[in-house]
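Here is a short report for a reader meeting this protein for the first time. Please look over the sequence and the model before reading on.

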Amino acid sequence: MSLTEQPVMQPPLATCTGVGKTWQTDGAPFVALRDIDLDIARREFVVFLGPSGCGKSTLLYLMAGLEQVSEGRIVCGGAEVTAPGTDRGLVFQDTSLFPWLSVGENVTFGLKMQHMPKEARRRVAQEILERVGLSEAIDKRPDQLSGGMRQRVAVGRALALKPEVLLLDEPFAALDVQTRSKMQEFLTQVWQQSNVSMVFVTHDIDEAVSLADRIVVFTARPGRIKTIIPVDLPRPRDTRNKAFHDLTDHLTDLMRDEVDRAFAEQERVR
Ligand SMILES: Nc1ncnc2c1ncn2[C@@H]1O[C@H](COP(=O)(O)OP(=O)(O)OP(=O)(O)O)[C@@H](O)[C@H]1O
Ligand SMILES: [Mg+2]
């Protein structure tokens with residue numbers, strides 16, 4: 001192989017180096033996260049998995065720039081993260097769509113803030129809603145949609161600003177099992193048809209294996225990275241497949257100790 005044929009190593013899209021977060025509660029420091037070193041590649045699907053209270057959401061909010069790191073640094077797209085930015089889209093469990101705006105207006109609300117003219121916004125809304133399978137809903141109000149549809153609008157709204165990474169905090173946790181599994185298929189398709197990286201928080205092992213290229217497993221608080229598990233299974237993922245089960249069994253073993261530790265701590269706090 002000549003030098004020119006060597007694969008070009010792409011720099012990671014986002015990097016966490018020595019990241020820690022200590023909350024100040026009633027004057028007492030409370031260490032939520034410690035020593036987080038993590039690279040996220042362009043177009044990679046990364047899932048954060050860990051017991052309740054281990055700091056998954058905290059790390060996501062640090063990456064979003066909604067909170068400041070106490071130690072270390074986070075870089076995204078070559079720039080240090082210090083505040084929210086349109087390169088990082090956010091989707092939460094409790095989607096706060098504006099109830100008085102139509103679905104189309106919700107999707108393009110951020111573009112209105114950027115002064116995009118109305119007709120152009122309508123075209124973007126049509127294009128985005130087609131991508132999330134909701135073209136017919138453009139003039140509906142959020143309360144006319146099901147929970148799953150509302151989460152699709154929330155994903156669409158985040159995509160409308162053309163982010164480089166979508167940060168999703170348990171976006172499907174409130175949905176029933178069947179809708180949730182459909183939403184996982186939906187998100188995989190959206191991701192495959194776009195150039196975005198995904199960082200997806202869950203404590204559901206099946207959900208993690210259904211979605212991820214890599215699963216970042218956290219320890220109980222203070223959250224550290226316990227291990228990173230690559231998921232080398234073809235998509236769409238079949239939950240009945242033996243390799244799928246072997247992996248969920250392995251992750252269950254890895255999580256068991258951490259869940260016990262997290263539970264013991266919560267009992268102490270009570
Ligand atoms: N704003 C805050 N001020 C003080 N403590 C906080 C704050 N946000 C989170 N914490 C604490 O930091 C720890 C990590 O919280 P975080 O919400 O990141 O956990 P999590 O892994 O997302 O948990 P869950 O799976 O229950 O959502 C918890 O002990 C939580 O109580
Ligand atoms: Mg959380």
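The C-alpha centres of domain 1 and domain 2 lie 26 Å apart. This is a predicted model. Domain 1 comes in two stretches of chain, 21-87 and 165-270. Domain 2 covers 96-162. Where the two domains meet, 11 residues of domain 1 are in contact with 12 residues of domain 2.

**Overall build**

The protein has 8 helices and 10 strands. Its radius of gyration is 19 Å, and the globule rule gives 18 Å for 270 residues, so the protein is as compact as a globular protein of that length. The C-alpha trace spans about 60 × 55 × 40 Å along its principal axes.

How much of the protein counts as buried? The share is 45% of the 270 residues. The accessible surface comes to about 14,200 Å². Carbon and sulfur atoms account for 51% of that surface.

Contacts also reach far along the chain. Take those between residues at least 6 apart in sequence: 69% of them join residues at least 24 apart.

The protein carries 33 positive and 37 negative charges. The mean positions of these two sets are 4 Å apart.

**Two residues in detail**

Two residues give a view at the local level. The table lists their places and accessibilities.

| Residue | Place | Relative accessibility |
|---|---|---|
| Glu-170 | loop between β7 (165-169) and α6 (177-192) | 13% |
| Thr-58 | helix α1 (residues 56-64) | 12% |

Is Glu-170 buried or exposed? Glu-170 counts as buried, because its relative accessibility of 13% falls under the 20% cut-off. Glu-170 sits in a loop, with strand β7 on one side and helix α6 on the other. Which residues does Glu-170 contact, leaving aside neighbours within four places in sequence? They are Gln-93, Val-201, Thr-202 and His-203. Val-31 is 139 residues from Glu-170 along the chain. The C-alpha atoms of Val-31 and Glu-170 are separated by 22 Å.

Thr-58 belongs to helix α1. At 12% relative accessibility, Thr-58 counts as buried, again by the cut-off of under 20%. Not counting residues up to four places away in sequence, Thr-58 touches Lys-21, Trp-23 and Leu-33.

Technical notes. Residues are numbered from 1 along each chain as its sequence is written. Chains are lettered from A and ligands numbered from 1 in the order in which they are written. This is a predicted model: local features need pLDDT of at least 70, side-chain atom pairs count only at pLDDT 80 or more; totals for chains, interfaces and linings use all residues. Side-chain values use heavy atoms; hydrogens and water are left out. Helices (H or I, at least four residues) and strands (E, at least two) are DSSP runs, numbered from the N terminus. The radius of gyration is taken over C-alpha atoms; the globule rule is 2.2 Å times the number of residues to the power 0.38. Buried means under 20% relative accessible area, exposed over 50%, partly exposed in between (1.4 Å probe, protein chains only). Contact means heavy atoms within 4.5 Å. Accessible areas come from the Shrake-Rupley method with a 1.4 Å probe; for residues, only the protein chains shown count as cover. Lys and Arg count as positive and Asp and Glu as negative; His and the chain ends are not counted. The place of a charge is taken as NZ of Lys, CZ of Arg, CG of Asp or CD of Glu. Domain bounds come from an automatic or database domain assignment.
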